[in-house]
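Trainee: I should be grateful for a close look at one part of this model, the packing of two helices and what lies beside it.

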Amino acid sequence: MTATTTLPELERTAPVRHRPALSYELFPARSDHSFERLRETVVQLEATAPDYVSVTSRAGHGNLGRVLELTEHVLAETNLRPLVHLTSIGSTRDQLATIIHALLDRGVRGILALRGDQPAGHRLEDDEIPFARPLIELIRESERERTAGLAGGRVSIGVAAYPHRHPESPTTSHDTEVLVAKERAGADFAITQVFFDAATYCGLLERSRAAGIRMPLVPGFVPATNPRRLERLAVLSGVEPPRDLLHQLELAASDAERRRIGVRFTVDLATRVLDAGAPGLHLFTFNQHTDALDVLDHLDLDRWSAPSLGDTR
C-alpha cells in the first residue's frame, strides 16, 4: 500500500474556494474626511473575502491622486487585490504608459481597460487612444517590457461588456464584435454594465458564446435600494429600471422597508443570473457597504460552488 504524503504547510492554508467570483466597485474619496469613511467600508467588505475590489477613475485621470491613494491603501493595509480602472479618452499614449508603469511599480496586477465617457464636443488628439482595444494592447506591451520584474507573470485585464446595446453602438451585433476584438487583444474577463432583467444578461452570454468569446462575463449589479440613484444611472447608462420597482421604492413607508424591497429585487436578479451560469457577481457599492452586505446575507453563494461553474462555454 502506498503511504499518503501529508503536506502540513498546505493543510494550514485556507481551503480552496469554489464559490462564484465576488467583487466590489469603489470610488476614490473626494476629501480626507470621506476617505476615513471609505476606509471603514473597505474593512467591512474585506470581511467577505472578495476576489478583488475595483477602483474607478475619471476620464482624463483628473482624480489620479485619489485613485492612487485608495489603491495604495488597499495594497498596504488589506489583503485585497485592486483592479484599477484605466480610461483612455482624454489621455495620450505616453501619459497612459506612464500611468500603467506607475501602477505596476506599486504592485497592481489587475487593470480594467476602458475608453471612458466621451465629453460632449470632445475632439481626439493625434496621440490619444480612442478605444479600449488599443489600450489593452498598450497594457500588454508594457507587461512585456517588464516580464522579468513581474517574475514572468501577467497582468489581469478586464473590460466592459454591455447586456443592453451601447448608447453609441448601432446594433448589439456591433457590441459583440467589439467584445471579440477586446478578447483577441488580450482581455481576460469582462464586467457587465448594469441591467435589471436576467434574460438580458443571458442574451449577452448567448451572443458572446456564439461569436467564440470564451472569457468570463461577470454580471454587474447595483443594490436597487435608492430610487434617485437608479434614475441617475438611467440617465448615465440609458438603462431604465423597472417602473414597478421604482413605484414600490417611492411608496415605501420607511428607509428600512425601501432597503428590504431593493435588496429582495437584487437578490432575486442575482439568483436568476447565477442559476443561468454566471461566473460570479460584481457589486457597485457607491462606497456604502450596508446594502451590498445585505444582498450577500440573502445569497447563499455556496449553493453555486460546483467546480464547473466557472466554465461558461
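**A helix pair and an aromatic contact**

Mentor: The chain has an average pLDDT (the predictor's confidence in each residue, from 0 to 100) of 90, and 89% of the residues score at least 70. This is a predicted model, in which local features need pLDDT of at least 70 and side-chain atom pairs count only at pLDDT 80 or more, while totals for chains, interfaces and linings use all residues. Residues are numbered from 1 along each chain as its sequence is written, and side-chain values use heavy atoms, with hydrogens and water left out.

Helix α10 spans residues 255-275 and helix α11 residues 289-297; their axes come within 9 Å and cross at roughly 50°. Helices here are DSSP runs (H or I, at least four residues; strands are E, at least two), numbered from the N terminus. Axes are lines fitted to C-alpha atoms, for helices over the stretch in contact, with angles from 0 to 180 degrees between N-to-C directions. That crossing makes α10 oblique to α11, since angles under 35 degrees count as roughly parallel, over 145 as roughly antiparallel, 65 to 115 as roughly perpendicular and the rest as oblique. In α10, Arg-259, Val-263, Thr-266 and Val-267 meet Thr-290, Asp-291, Asp-294 and Val-295 of α11, contact meaning heavy atoms within 4.5 Å.

The loop between β9 (280-284) and α11 holds Phe-286, which pairs with Phe-27, 259 residues apart, in the loop between β1 (21-26) and α2 (32-46). Their ring centres are 5.9 Å apart and their planes at 40°, so the pair is tilted (rings of Phe, Tyr and Trp, its six-membered ring, pair if their centres lie within 6.5 Å; planes under 30 degrees apart are stacked, over 60 edge-to-face, the rest tilted).
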